[in-house]
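Please look over the sequence and the structure below before reading on. The paragraphs after them are meant to be read with the structure open beside the text.

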Amino acid sequence: MNLLILRLLLGRLALACVSLLVVSAVVFTITDLLPGDAAAAQLGQEATAESLAALRHQMGLDQPAPQRYVRWLTGLLSGDPGLSVVSGKPVGEMIGKRLPASLLLAAITAAISVPLALSLGIASAMWRGSWFDRLASSGAVAVVSVPEFLVATLAVLVFAVQLRWLPALSYSNPTASLTDMLRSFAMPVLTLCCVTMAQMLRMTRAAVVDQLKAPYIEMVRLKGASPTRMVLAHALPNAIGPIVNAVALSLSYLLGGVIIVETIFNYPGIASLMVDGVAQRDIPLVQTCAMLFCAVYLLLVTLADLVSIVANPRLRHR
Amino acid sequence: MNQSPMLQEELRAALQGGANRRDLLAMLMAGGMQATLAGGLAATALTAHAQTPRQGGRIRVAGASAGISDTLDPARFANQTDYSRGRMFYNSLVELDRQLSPQPALAEEFHSADAQTWVFRLRRGVTFHDGKPLTPADVVFSLLRHKIPATGSKAKALADQIATVSATGPLEVTVTLTTPNADLPVILGTHNFMIVQDGTTDFSAGIGTGPFRVQEFRPGVRSVAVRNKNYWKPGRPYLDEIEFIGISDDGARVNGLLSGDLDLVAAVNPRQVKRLRQTPGFGVLETPSGQYTHVIMRSDMGPGRNPDFVLAMKHLFDRELLRKVVAQGHATLANDQPIDPSHRFHFAGLPQRPYDPERARFHFRKSGLAGTRIPVVASPVATYSIEIAVVMQHAARRIGMALDVKRMPGDGYWSNHWLQSPVGFGNTNPRPSADTLLTQFFKSDSPWNEARWKRPRFDQLLLAARAELDFDKRRSLYADMQVMIHEDGGLGIPMFISSLDGHSQRLRGLTPHPLGGLMASAFAEHVWLEGS
């Protein structure tokens, strides 16, 4: 089995490098194709040919595009993602200040949504066809069909404006007490759970139901195992592959895809940093964020594959 | 009532010194005021005293934008978020009052004999946040850096008229201009010309002379300002601390206010005003300002070459309807010229151009353009332009004119469509002086002459008014220019848009300022929290 995992890891690593390279080239080209550049974005209506030229020179935008790309890439390979053309600060520092906030939000959301979705999914599979199953499944579809800006806005209107239980805005204030922190995280986490849970729940239910129909489950039942044991010890390990993949997909979304939640709750995370970078045409910043999201995605998917190999008895004992 | 801030300050000082009603009346009468008027004014001054500003407290304020380009470098200030922070941490040489006339600030006194050489005498005893005194060298540095292209100054075009800036005494700075400009003090009162310390290269510490010091500044996230105990204005500021954040979502800003997380929010959507006014404990500050969104008809290409088309379009604005429906009443009617009614040089004698479909039809027929589709470019970044375009499209259809409204994304609108399209929309923020506004957008050789409208006589009037120090003569010159633009300029200006800010009732001291919302971004040193 170790050989299998090693081969998989090496293959994935090589593929990851190629994907990252391709993504960086695509992101660079597309950002460069957007109308205007960082100098025009910064000067806006006040731009004149003279001030544009001066600012472009200062930002290094007067060099040809391929040269800028190669310089950024070699910088990144040596561990330095370069300077933001807009603020002049190191990109690494800018991301470093926002990343912990994003990771914290993602971690709290994952810690709540993953166990909840998996247990609801397994329970639905066990009691499939019951009122509980119908309620959970239709509830999940209903919640995932409501766009997250609506969930977030409704939550703010009810809990912050009407009831005044929770703050409408989330700050990452290091001096805040634990209760304050929990209160400010409540609504962003609630909103994100609504978005991410449905897919995990449905995938878990489908995968477990699929296994429960298999002939070996009949064997398990015939030998007299309890329903809980049947699902947890026999069906679940075989269903883990699709489940962890669904979990990985949902988690990768939590880092870069939460722009709406960051905007509505004024949460200083990394998604809004990247969107801001696009609006200001700050190519080094956009590139580095894209690399980060891509790398996290690849990492999560690889982890999911590893988990499914380790957890699956048939793959494990090969 | 035309009550100058100087007088208000004098009154307040007298009241705090224990003056009674009779003393105040004597003071006002000595100032040459009629007895009845003085009586009323003394009464208002006394009620104002009843709500004496209270010291202390902390507020949270949200502007409408935040981003990685947030800066504390005055030369690069680009939006209200930057301006508001600037007004916390820095001062200008002069401040603009509500008639947009310059009043002393860091410069205690300023004068010029010929409008070309200006002498500014600096206030004594002003110190920066790091304890160093304000010197002429700081002013020289602060002004001259705008001329260097690499500074990336937003005010470079304005600074280019400055020839030299030099220290001519221990507390005196002399500015010479390339051509006379009676409005130089007004220009130096604008946000980009705030005074920084000589030799500053990294502005993130925000070392200025302003009412607050920087405690924390994270671009795109927030700033925390704490009271500057050594501020040169006695008794100011009132607040201990201001946290300023930027929230780009309209709804989130208002929700933050209603939930009690914020005390003041900028740029309230007009549709939210009713909701705020109906909720107890909240108020809306409406600021009539000089901001306008307008149709540009280029006179060098497309249908705008034909003056009859331009006149037809100007008669197609149902201005009252646009004001009521598009701006929800939060606007003032405009008259196809850019100087708004609150401005000291506004010419009130110009008859208002009405909505007149018959005249529009007459001019449109005369233009010979009937039967052609006329593309009109609009974008969400030019406030209300899409709504205005749609209303005009309906009006145009009724006289047989086919307007083809093209909605463009905000991204890149200013560089790719504004100034380029034959017929399209623009948006102009309030400018501090009539001269700046007319020079930037109407002078024949200006790169921002949107309609490419070239009138040598207009340029002569403009230069004459700029060099004129006599107020009445200037006013009549500006009136002539407004008439010229109204009659044959290439811009259709339907209305001036008001700024709307939402605030908690506990926050006091907010008054409108024609340069825009949040008291022209200078709320920080004027507001206080009512005792709870």
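What follows goes from the overall make-up of one chain to a helix pair, then to aromatic pairs, and last to single residues with particular backbone or contact features.

The model is a predicted one, and chain A is a good place to begin. Its secondary structure comes to 14 helices and zero strands, so that a reading along the sequence gives the pattern α-α-α-α-α-α-α-α-α-α-α-α-α-α. The C-alpha trace of chain A spans about 85 × 55 × 35 Å along its principal axes, and of its 318 residues 46% count as buried. When contacts in chain A between residues at least 6 apart in sequence are considered, 73% of them join residues at least 24 apart.

Within this chain, helix 12 can be followed in some detail. Two packed helices are described by the angle between their axes and the distance between the axes. For helix 12 (residues 270–279) and helix 13 (residues 283–311) of chain A, the angle is about 140° and the axes are 8 Å apart. Angles over 145 degrees would count as roughly antiparallel, and helix 12 and helix 13 of chain A are therefore oblique to each other. The crossing of helix 12 and helix 13 of chain A is left-handed.

Which residues of the two helices meet at this crossing? From helix 12 of chain A come A:Ile270, A:Leu273, A:Met274, A:Gly277 and A:Val278, and from helix 13 of chain A come A:Leu285, A:Val286, A:Cys289, A:Ala290, A:Leu292 and A:Phe293. By class, this contact of helix 12 with helix 13 of chain A holds ten nonpolar residues, one polar residue and no charged residues. The one polar residue is A:Gly277, because glycine is counted among the polar residues in this classification.

Helix 12 of chain A also has other partners. Its buried residues are A:Ile270, A:Ala271, A:Leu273, A:Met274, A:Asp276 and A:Gly277, and the buried residues of helix 12 pack against helix 5 (91–126), helix 10 (227–256), helix 11 (259–264) and helix 13 of chain A. Just after helix 12 of chain A, A:Arg281 takes a positive phi of about 60°.

Helix 10 of chain A, one of those partners, contains A:Leu249. With a relative accessible area of 38%, A:Leu249 is partly exposed. Leaving aside neighbours within four places in sequence, A:Leu249 is in contact with A:Gln199 and A:Tyr297; A:Leu249 and A:Tyr297 are 48 residues apart in sequence, yet their C-alpha atoms are 7.7 Å apart in space.

Aromatic rings offer another way through the model, with a count of 17 aromatic pairs over all chains. One of them joins A:Trp131 and A:Phe132 in an edge-to-face arrangement, 6.4 Å centre to centre and with 80° between the planes. A:Trp131 is exposed, with a relative accessible area of 66%, while A:Phe132 is partly exposed, with a relative accessible area of 22%. In chain B, the pair of B:Tyr292 and B:Phe496 is likewise edge-to-face, at 6.1 Å centre to centre and 80° between the planes. B:Tyr292 lies in strand 13 (residues 292–297) of chain B and B:Phe496 in strand 19 (residues 495–497) of chain B, so this pair ties together parts that are 204 residues apart in sequence. Both B:Tyr292 and B:Phe496 are buried. Back in chain A, A:Phe28, A:Tyr69 and A:Trp72 form one aromatic cluster.

Chain B also has several backbone features to inspect. A cis peptide bond joins B:Arg236 and B:Pro237, with omega about -10°, and B:Pro237 is placed in the loop between strand 9 (222–227) and strand 10 (241–246) of chain B. B:Ala267 has a positive phi, near 50°, although this residue is not a glycine; B:Ala267 is found in the loop between strand 11 (264–265) and helix 9 (273–278) of chain B, and is partly exposed, with a relative accessible area of 36%. B:Ala520, also not a glycine, has a positive phi of about 55°. B:Ala520 is found in helix 18 (residues 517–520) of chain B, and at 8% relative accessibility B:Ala520 counts as buried.

Is B:Thr190, the last residue of this walk, buried or exposed? B:Thr190 is buried, because its relative accessible area of 14% falls under the cut-off of 20%. Its place is in the loop between helix 7 (184–188) and strand 8 (212–218) of chain B, where, leaving aside neighbours within four places in sequence, B:Thr190 is in contact with B:Arg87, B:Ser92 and B:Pro432.

Technical notes: Residues are numbered from 1 along each chain as its sequence is written. Chains are lettered from A and ligands numbered from 1 in the order in which they are written. This is a predicted model: local features need pLDDT of at least 70, side-chain atom pairs count only at pLDDT 80 or more; totals for chains, interfaces and linings use all residues. Side-chain values use heavy atoms; hydrogens and water are left out. Rings of Phe, Tyr and Trp (its six-membered ring) pair if their centres lie within 6.5 Å; planes under 30 degrees apart count as stacked, over 60 as edge-to-face and the rest as tilted. Buried means under 20% relative accessible area, exposed over 50%, partly exposed in between (1.4 Å probe, protein chains only). Helices (H or I, at least four residues) and strands (E, at least two) are DSSP runs, numbered from the N terminus. Axes are lines fitted to C-alpha atoms, for helices over the stretch in contact, and angles run from 0 to 180 degrees between N-to-C directions. Angles under 35 degrees count as roughly parallel, over 145 as roughly antiparallel, 65 to 115 as roughly perpendicular and the rest as oblique. A crossing is left-handed if the near helix is turned anticlockwise from the far one by less than a right angle, and right-handed if clockwise. Contact means heavy atoms within 4.5 Å.
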